[in-house]
Amino acid sequence: MSTSNLVIALTKGRILEETLPLFAAAGIVPADDIAKSRKLLFDTNLEQVKLMVIRGSDVPTYVEFGSADLGVAGKDVILEYGSEGFYEPLDLQIAKCRLMTAEPKRRKPLQGRLRVATKFTHTAKRYFAEQGKQIELIKLNGALELAPSLGLADSIVDIVDTGKTLEANGLEPRELITTISSRIIVNKASMKIKNRAIREIVAKLRAAVEAAAA
Ligand code: PRP
């Protein structure tokens, strides 16, 4: 391992559960039990590597501005944030899900301008523009699945994994916007200055991803 200090920003929650085994397979293990700790910054078995554990939507910001050298972020978050500010060298093939439109079950297509509730407003705006559809976007930060039944929106754009959340709220998936998985992102300046250390880590993670797929 080369000697540059590296900070890696991890996404907490479901993505973290799949990230830690992959990192362990790549030889990076946090010094504390992340799940049981209230800390946000963790030492690892590697003296030069620290792990931050934060909200997914904040990972691109920490990486773009260089407070973290690398990050693990869902493609949904990357698409919404915009991918200009960092590199995206590796698909970790974890936390796979779909970004979809969803509507009340069996409802016939509506005419006119749809009201769409989502937290992915930039992505949804691009998607509907590509489809040539005029919509009105309503930004929500959670519990989107309630919006149609309460008359706030005609449809939603959200992450679908098992589909159980939609089902439990009387909705069904309609259009696939894109498939999602978690990616490694890298600060552009760090990639130059700490190139050797970052390439080593990305190579080890790539090998771990390939081993997991085999
Ligand atoms: C996502 C999404 C749905 C749910 C879908 O939320 O917003 O609510 O998962 O999963 P399912 O298809 O397996 O039911 P998540 O739990 O990631 O939390 P969030 O609302 O903070 O994004």
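This report walks through the overall build, the pockets, two helices and two unusual backbone positions of a predicted model.

## The chain as a whole

Let's start with the overall picture. The protein chain holds seven helices and eleven strands, and its C-alpha trace spans about 60 × 35 × 30 Å along the principal axes. Of its 214 residues, 44% count as buried. If you look at contacts in the chain with a separation of 6 or more, 70% of them come from residues 24 or more positions apart.

The domain assignment splits the chain into domain 1 (6-95 + 181-213) and domain 2 (97-178). Taken over C-alpha atoms, the centres of these two domains are separated by 29 Å. Where the domains meet, five residues of domain 1 are in contact with ten residues of domain 2.

## The two pockets

Here are the two pockets in brief.

| Pocket | Volume | Residues nearest the centre |
|---|---|---|
| Largest pocket | about 1000 Å³ | R14, D76, K119, F120 and I159 |
| Second largest pocket | about 300 Å³ | K12, R38, K39, L40 and V53 |

The largest pocket is lined by 37 residues. Elements giving two or more residues to that lining are α1 (14-25), α3 (75-81), β9 (155-160) and α5 (164-168). Among these, α3 gives the most, with four residues. For anyone thinking about chemistry, the lining of the largest pocket has twelve nonpolar, twelve polar and 13 charged residues.

Where does the largest pocket lie with respect to domain 1 and domain 2? Both domains give residues to its lining, so the largest pocket lies between them.

Turning to the second largest pocket, its volume is about 300 Å³. A set of 15 residues lines the second largest pocket, and the elements that give two or more residues to this lining are β2 (41-43) and β3 (49-54). The most comes from β3, with three residues. By class, the lining of the second largest pocket divides into ten nonpolar residues, one polar and four charged.

## Helix α1

Helix α1 has a buried side and an exposed one. I15, L16, T19, L22 and F23 are its buried residues. They sit on the same side of α1, because the arc they cover around the axis is only 130°. A general point about helices helps here: an α-helix has 3.6 residues a turn, so residues three or four places apart point the same way.

What do the buried residues of α1 pack against? Their partners are β1 (6-11), β3, β4 (70-74), β11 (182-187) and α7 (195-213). On the other side of α1, the exposed residues are R14, E17 and A25. R14 also appears among the residues nearest the centre of the largest pocket. After α1 comes G27, with a positive phi near 90°.

## Helix α4

The next helix to look at is α4, which covers residues 121-130. Its buried residues are T121, T123, A124, Y127 and F128. These cover an arc of only 160° around the axis, which puts them on the same side of α4. The cover over them includes α3, β6, β7 (114-118), β8 (135-139), β9 and β10 (171-180).

On the face of α4 turned away from its buried side you will find the exposed residues K125, A129 and E130. Just after α4, G132 takes a positive phi of about 70°.

## Positive phi in the loop between β5 and β6

Two residues other than glycine deserve a look when you check the backbone. Q93 has a positive phi near 60°, and A95 has a positive phi near 50°. Q93 is found in the loop between β5 (86-91) and β6 (97-104), and A95 is found in the loop between β5 and β6 as well.

Is A95 buried or exposed? Its relative accessible area is 18%, and the cut-off for buried is under 20%, so A95 is buried. Q93, at 41% relative accessibility, counts as partly exposed, because that class runs between 20% and 50%.

Notes:
Residues numbered from 1 in each chain as written. Predicted model: local features only at pLDDT ≥ 70, side-chain atom pairs only at ≥ 80, totals over all residues. Heavy atoms only, no water. 1 Å grid on protein atoms, 1.4 Å probe; cavity = no way out; pocket = protein on both sides within 12 Å on 5 of 7 lines; lining within 4 Å. Points joined across faces, edges and corners; volume = space filled by probe spheres on them. Nonpolar A, V, L, I, M, F, W, Y, C, P; charged D, E, K, R; others polar. Domains from an automatic or database assignment. Buried < 20%, exposed > 50% of the residue type's maximum accessible area, 1.4 Å probe, protein only. Arc of directions from axis to C-beta. Contact = heavy atoms within 4.5 Å.
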